[in-house]
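Got the viewer open and the cartoon showing? Take this walk one selection at a time.

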Amino acid sequence: AEAMPFLAPRDRLRVRLIRRSIGRSVRNSCAVIVQTPHMAEVIAETFEVERERIKVMFPASTPLLGAPAPSPIVKKFEQTLEGSRILYVGSTDGYKNLANLARAFRLLRSGCPDVTLFATVPSDHPLTRGLGVVSLGYVSDVDLAWAYELSDLLVLPSIVETVGLPLLEAMCAGLPIAVSDRPYGHQATGGNAFFFDPNDVTDM
C-alpha cells in the first residue's frame with residue numbers, strides 16, 4: 001500500500017488485478033511459498049490465509065565472479081576518489097524512491113564534495129542530472145561484480161521490496177549497506193546495515 005502512490009495510474013490498476021489473481025491462487029493452494037517472514041505476514045493478513053500454510057524459503061546468493069581482466073566499467077570508478085564511492089543497483093521504478101535518493105545525495109555532496117554515486121540507470125535519467133552521479137546503465141554480471149568490488153557502500157532506498165537481491169549480492173561481496181528502514185531491509189541483511197527513513201531526505 002505504501003508504494004502505490006509511487007506508481008503510475010496504469011501500474012496501480014495492474015497491481016490491483018495481480019492482487020486479485022494472487023488472492024485466488026493463494027486461497028486455492030495447499031501451501032504458499034514466500035521469500036521472507038514479512039512477506040508471510042502480509043500474505044496471511046491480506047488474503048486471510050492460515051499462517052501454517054505459508055512456508056518461508058529465503059533466497060540465497062553467491063558472489064558474482066568478475067572477469068580476470070578489468071572491464072571498461074573499472075575506468076569510471078578509477079576516475080573517482082577511493083573511499084567515497086556509493087553504488088545504487090536497481091531499476092528506475094517509482095517505488096525505488098530515486099527522487100529522494102537524488103535529493104539526499106545532493107545534500108550529502110554539499111558537505112562531502114568528493115562523494116560519487118554510481119547508479120545502474122540510463123544516462124538520461126533525472127538522477128544523473130546532479131553533480132557527482134555516474135550512469136552505469138545496464139550492467140552484465142561481470143561488470144556488476146566489478147562495481148561491487150570497487151564501491152565503498154551500497155544504497156537501496158526502496159519503499160518496498162520482496163527481498164532486494166542487491167542486498168544479498170553486496171553482502172557476498174563484503175560491501176557495507178545503507179538501506180530503507182523497512183522489513184525487507186532488516187530481514188535481508190539480518191540487521192547488519194545502516195538504516196534510514198526512505199521518506200526523510202535528511203535521514204537518508
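What follows is a tour of a predicted model, going from the sheet to the core and then to a loop.

**Stop 1: the sheet.** Colour the strands first. You should find an open sheet of six strands, paired in parallel and ordered E5-E4-E3-E6-E7-E8. The edges are E5 and E8 (194–196), each of which pairs on one side only. Turn the sheet to look along it: from one strand to the next, the twist averages 25°.

**Stop 2: E3, E4 and E5.** Now select residues 85–88, which are strand E3, along with E4; the two pair in the parallel sense over four bridges. To check the register, pick Leu87, whose bridge partner in E4 is Phe118. Then pick Tyr88, which has Ala119 as its bridge partner in E4. How does the chain get from E3 to E4? Follow it through helix H4 (residues 98–111): this β-α-β crossover is right-handed.

On to strand E5, residues 133–135, which pairs with E4 in the parallel sense over three bridges. Here the bridge partner of Leu117 is Val133 in E5.

**Stop 3: the side chains of E4.** Show sticks for residues 116–119, the whole of strand E4. In a regular strand, side chains alternate between the two faces of the sheet. In E4, Thr116 and Phe118 point one way, while Leu117 and Ala119 point the other. Buried or exposed, these four? All of them are buried.

**Stop 4: an aromatic pair.** Keep Phe118 on screen and add Phe77. A search of the whole structure turns up one aromatic pair, and this is it: the ring centres of Phe77 and Phe118 are 3.9 Å apart and the planes sit at 15°, so the pair is stacked. Planes under 30 degrees apart count as stacked. Phe77 belongs to helix H3 (residues 73–78) and Phe118 to strand E4, so the pair ties together parts 41 residues apart in sequence. Phe77 counts as buried, at 0% relative accessibility, and Phe118 also comes out at 0% and counts as buried.

**Stop 5: the cores.** Next, select Leu87, Tyr88, Leu117, Leu127, Tyr148, Leu154 and Leu167. These are the residues with the most contacts inside the largest nonpolar core, which has 39 residues. Which helix gives the most to this core? Helix H5 (residues 141–150), with five residues.

Centre on Leu87 and expand the selection. Setting aside neighbours within four places in sequence, Leu87 touches Leu117, Phe118, Leu136, Ala147, Tyr148, Ser151, Leu153, Leu154 and Val155. Apart from this core lies another one, of 10 residues, including Val26, Phe47, Val49 and Ile54.

**Stop 6: a buried loop residue.** Finally, go to Ile159, in the loop between strand E6 (153–156) and helix H6 (165–172). At 2% relative accessibility, Ile159 counts as buried. What is Ile159 in contact with, leaving aside its neighbours within four places in sequence? The list runs Glu2, Ala3, Phe6, Tyr95, Asn97, Arg182, Tyr184, Pro198 and Asn199. Take one of these, Arg182, and draw a C-alpha to C-alpha distance: Ile159 and Arg182 are 7.5 Å apart in space and 23 residues apart in sequence.

How values were computed. Residues numbered from 1 in each chain as written. Predicted model: local features only at pLDDT ≥ 70, side-chain atom pairs only at ≥ 80, totals over all residues. Heavy atoms only, no water. Core = buried A, V, L, I, M, F, W, Y, C linked by side-chain atoms within 4.5 Å. Buried < 20%, exposed > 50% of the residue type's maximum accessible area, 1.4 Å probe, protein only. Contact = heavy atoms within 4.5 Å. Pairing = 2+ DSSP bridges. Right-handed = clockwise from strand over helix to strand, strands pointing away. Axes fitted to C-alpha atoms, helices over the stretch in contact; angles between N-to-C directions. Phe/Tyr/Trp six-rings, centres within 6.5 Å; stacked < 30°, edge-to-face > 60°.
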